Structure formats: C-alpha cells, structure tokens
Amino acid sequence: MHGPAMRDGNSPFRSRYAGWQFTLSEPMAYRLVMGILRLSHVDIMVTDLELAAAYYTQVMGLDISERTKDRIFFKCWDERDHHCLAVRLDTRVGLDRFAFKVEHADDLSHFESRIEAAGHPVERVADGEEVGQGESIRFELPSGQEMELVADVHKVGGRMPLKNPPPMVPDLVGIAPPRIDHVLMHAEEVPVIARFFTEVLDFRLTEQLLNGSGHQVIAFLERSAKPHDIAFVQGPNGALHHFSFWLDDWDHVRRAADILAYNGVTIDVGPTRHGLTRGNTIYFFDPMGTRNEVFTGGYRPDPDFPTITWTQEEEGRAVFYYEGVLNQRFATVHT
Ligand SMILES: [Fe+2]
C-alpha cells in the first residue's frame with residue numbers, strides 16, 4: 001500500500017493542517033492551541049453586600065462559594081469552577097472586569113503576544129493573586145472594559161455528582177440557572193471591538209446589525225457553539241449592559257418571571273423572544289440596578305456558520321421579535 005504522494009518534499013498532512021497553530025508545551029510534545037473556551041466570570045460592584053447576597057442566593061438561586069471582607073463569590077449549581085459572579089462592595093454599581101477561560105496555561109502566552117502585538121499592554125496575574133483563580137492575563141479592551149483570560153479557576157465542585165447523576169437537583173431555590181451564559185457590553189465603535197475579538201481572540205461573528213449608513217452598531221460573537229458568548233452594542237465605552245444565565249427550557253423563563261414578580265423585582269422586558277440569537281429571554285434588575293437576564297433557546301453555530309445581518313429598519317424585531325420595538329429603558333440604561 002502506498003500513501004498519498006509527497007509534494008515539494010512536504011508531508012501530505014502538512015497542507016491539511018495549514019493554518020493550525022501549535023505550541024510546544026512539554027519536551028517533544030506538540031499541542032493544538034484550543035484558545036478560549038467560554039465566559040468564566042463577571043466581577044461587578046454593589047452598594048450593599050447583604051442585599052446582594054440575599055438577592056443572588058434566594059431570588060437568582062446561586063450558591064455562595066466564598067466570602068471575603070468586601071466580596072462575595074457565587075456559582076451556579078451545575079458549575080464546578082469557583083465562581084461565575086463576584087460582587088465587590090463599593091459606593092457605585094458597574095463592572096470591575098470579566099474573564100473568559102482558556103483551555104490550557106500555554107494559551108495565555110499565545111494570547112499575551114497577540115494582544116500586545118495589537119497595541120494593548122498585558123498584565124500577568126499570578127496564581128492566587130485573585131480569589132479562586134489561577135494564573136491569568138489582564139488587559140483593557142479597545143472599548144474600555146477590563147478583560148481577563150484565565151487558564152485555571154479553582155475547582156470547588158457542583159451540586160451534581162459526576163458518578164450516576166440524577167437529571168435534576170431536588171432542593172434548588174429561586175430561578176437557579178445551571179450556568180452563566182453570556183455578557184453584553186457597550187462600545188463607542190462596535191467595528192473596532194468586533195475586529196479585536198475576531199482577529200486577536202479568535203471569536204466568530206454570528207450576527208450583526210448595520211445602521212442606515214451600513215455602520216456596524218451591534219455585534220454578536222461566540223467561541224462555544226452558541227449564538228453569543230459576548231455581544232457589543234454601540235454605547236459608552238466601559239459600560240456593562242447585562243450579564244445572562246442559561247436556563248434549560250422556555251417554561252423555566254416563564255417560571256423565572258413568576259419568581260421575579262413574586263419577589264417584587266423590577267422586570268425590564270419580557271418574557272419575550274429575540275430575533276438576534278432566536279433566544280427566549282427575560283430582563284430584570286438586581287436590587288442595586290445591574291441588569292440581569294435569564295435566557296434559553298437559540299441555534300447552535302458551527303465554526304463555518306455564516307454571519308447573519310440585520311438592518312436598521314428591522315432593529316425592533318432584531319432585539320425583541322414579538323414587540324417589534326426597542327424600549328427606551330433597554331436602549332439607554334446600563335451600569
Ligand atoms: Fe443577553
């Protein structure tokens with residue numbers, strides 16, 4: 001048996017893998033750079049720690065994994081990492097930073113070089129310097145938010161056993177999402193931040209909205225085969241619009257609305273459905289004014305998924321498909 005012919009003295013496998021990137025992680029062992037896996041955690045400021053603890057455990061239904069003097073760390077019941085949300089006591093509300101998780105420690109140096117080559121200084125965060133978190137890199141986005149890539153978040157385990165697990169946990173309280181899903185930020189120049197995420201961080205653009213002049217004002221970006229892991233909407237640099245938790249079913253979104261209304265939580269929009277992502281959603285505010293969302297549905301984009309484009313005249317349906325209009329509070333309130 002003869003294998004495929006060699007061309008130009010190169011292995012026939014060489015062209016098949018052209019463009020893939022390898023790093024040397026151990027002597028004689030090459031490893032494919034997997035890059036960014038998923039949203040790891042969002043760190044926000046709150047004005048009342050006890051109120052935040054009560055709301056995020058009893059209404060949102062998260063578990064507290066650790067407390068320090070001025071911070072509380074929360075996780076969802078089906079997550080095994082130390083936290084997906086950290087709140088820090090401050091006199092104002094807003095975003096401290098957010099982090100995405102990479103597959104391997106080598107990915108940090110890979111992205112450190114790329115981010116610095118793109119003109120953004122990168123700071124190394126040592127293992128243990130941040131609570132619950134291993135070695136990380138930290139940098140400021142072109143849109144002003146502080147972002148981290150983290151290779152190792154301490155494993156604290158979930159409520160679900162890894163051996164013979166049941167399909168549900170019987171004693172959950174509140175909305176109780178199984179995991180965090182995505183985050184939405186503002187950027188003055190959406191094309192600039194979308195290019196940073198696609199060209200430097202290897203995200204894929206799933207959907208965009210172009211205004212009447214053809215200028216990109218909304219960009220949805222993914223790394224984990226879902227409609228978005230992060231999205232940017234034109235608005236003030238540095239601002240957070242919302243972070244969102246996953247629910248497994250549309251009926252869980254309706255149940256979330258019941259729980260929110262019962263607890264007197266201010267509902268912003270929904271339950272309703274997005275045109276962008278095709279997801280089912282409800283938006284609401286935590287007691288200090290940070291917008292939360294719980295979300296389900298949507299499609300599953302493969303890496304060759306073509307970008308979907310929305311136009312200005314369909315903006316209302318793009319954002320809220322049933323209502324067909326964008327309410328002013330949703331369009332203007334952020335932290
Ligand atoms: Fe969202």
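This is a guided tour of a predicted model, moving from its two domains to a sheet, a core, a helix and a loop.

**The two domains.** Begin by colouring the chain by its domain assignment, which gives domain 1 (36-150) and domain 2 (179-332). The centres of domain 1 and domain 2, taken over C-alpha atoms, are separated by 20 Å, and 30 residues of domain 1 are in contact with 29 residues of domain 2. On the side of domain 1 that touches domain 2, the elements that give two or more residues are E3, H2, E7 and H3, and the largest share of that side, seven residues, comes from E3.

**The sheet.** Next, show the strands as a cartoon and follow the open sheet of eight strands, whose order is E4-E5-E6-E3-E7-E10-E9-E8 and whose pairing is mixed. Strand E4 (63-67) and strand E8 (122-125) stand at the edges with a single partner strand each, so one side of each is left without a neighbour in the sheet. If direction is ignored, neighbouring strands of this sheet are turned by 25° against each other on average.

Now select helix H2 (residues 49-59), which packs on the sheet and touches strand E3 (36-46), E4, strand E5 (71-75) and strand E6 (85-89); the direction of H2 makes about 5° with that of E5. Then select helix H3 (residues 105-117), which lies across strand E7 (94-102), E8, E9 and E10 and runs at about 20° to E9.

**Strands E8, E9 and E10.** Zoom in on strand E9 (residues 136-140) and strand E10 (residues 146-150), which run antiparallel and are joined by five bridges. Which residue of E10 is the bridge partner of glutamate 140? The partner is glutamate 146. The hairpin of E9 and E10 has five residues between the strands, and there glycine 144 takes a positive phi near 95°. On the E8 side, four bridges join E8 to E9, and these two strands also run antiparallel, with valine 125 standing opposite serine 136 in E9.

**The nonpolar core.** Select Leu149, Ala219 and Leu221, the residues with the most contacts inside the largest nonpolar core, which has 76 residues. Both domain 1 (36-150) and domain 2 (179-332) give residues to this core, so the core lies between them. In soluble globular proteins, nonpolar side chains tend to be buried together. Staying with alanine 219, and leaving aside residues up to four places away in sequence, display what it touches: Val190, Ala194, Leu205, Gln208, Ala231 and Phe232.

**Helix H4.** Two of those contacts lead to helix H4 (residues 190-200), where Val190, Ile193, Ala194, Phe196 and Phe197 are buried. These five cover an arc of only 155° around the axis, which puts them on the same side of H4. Add strand E11 (179-187), strand E12 (204-210), strand E13 (216-222) and strand E14 (230-234) to the view, since they are included in what covers the buried residues of H4. Just after H4, pause at aspartate 202, which takes a positive phi of about 65°.

**The loop between E10 and E11.** Finally, select methionine 168, which lies in the loop between E10 and E11. Is methionine 168 buried or exposed? Methionine 168 is exposed, because 10 other C-beta atoms lie within 10 Å, where 12 or fewer is the limit for that class. As a last distance to display, the C-alpha atoms of methionine 168 and proline 178, which are 10 residues apart along the chain, are separated by 9.9 Å.

Definitions and conventions: Residues are numbered from 1 along each chain as its sequence is written. This is a predicted model: local features need pLDDT of at least 70, side-chain atom pairs count only at pLDDT 80 or more; totals for chains, interfaces and linings use all residues. Two strands pair if DSSP finds at least two bridges between them. Axes are lines fitted to C-alpha atoms, for helices over the stretch in contact, and angles run from 0 to 180 degrees between N-to-C directions. Two residues are in contact if their C-beta atoms, placed from the backbone, lie within 7 Å. A nonpolar core is a set of buried Ala, Val, Leu, Ile, Met, Phe, Trp, Tyr and Cys residues joined through C-beta atoms within 7 Å. A residue is buried if 20 or more other C-beta atoms lie within 10 Å of its own, exposed if 12 or fewer, and partly exposed in between; C-beta atoms are placed from the backbone. Domain bounds come from an automatic or database domain assignment. The arc is that of the directions from the helix axis to the C-beta atoms.
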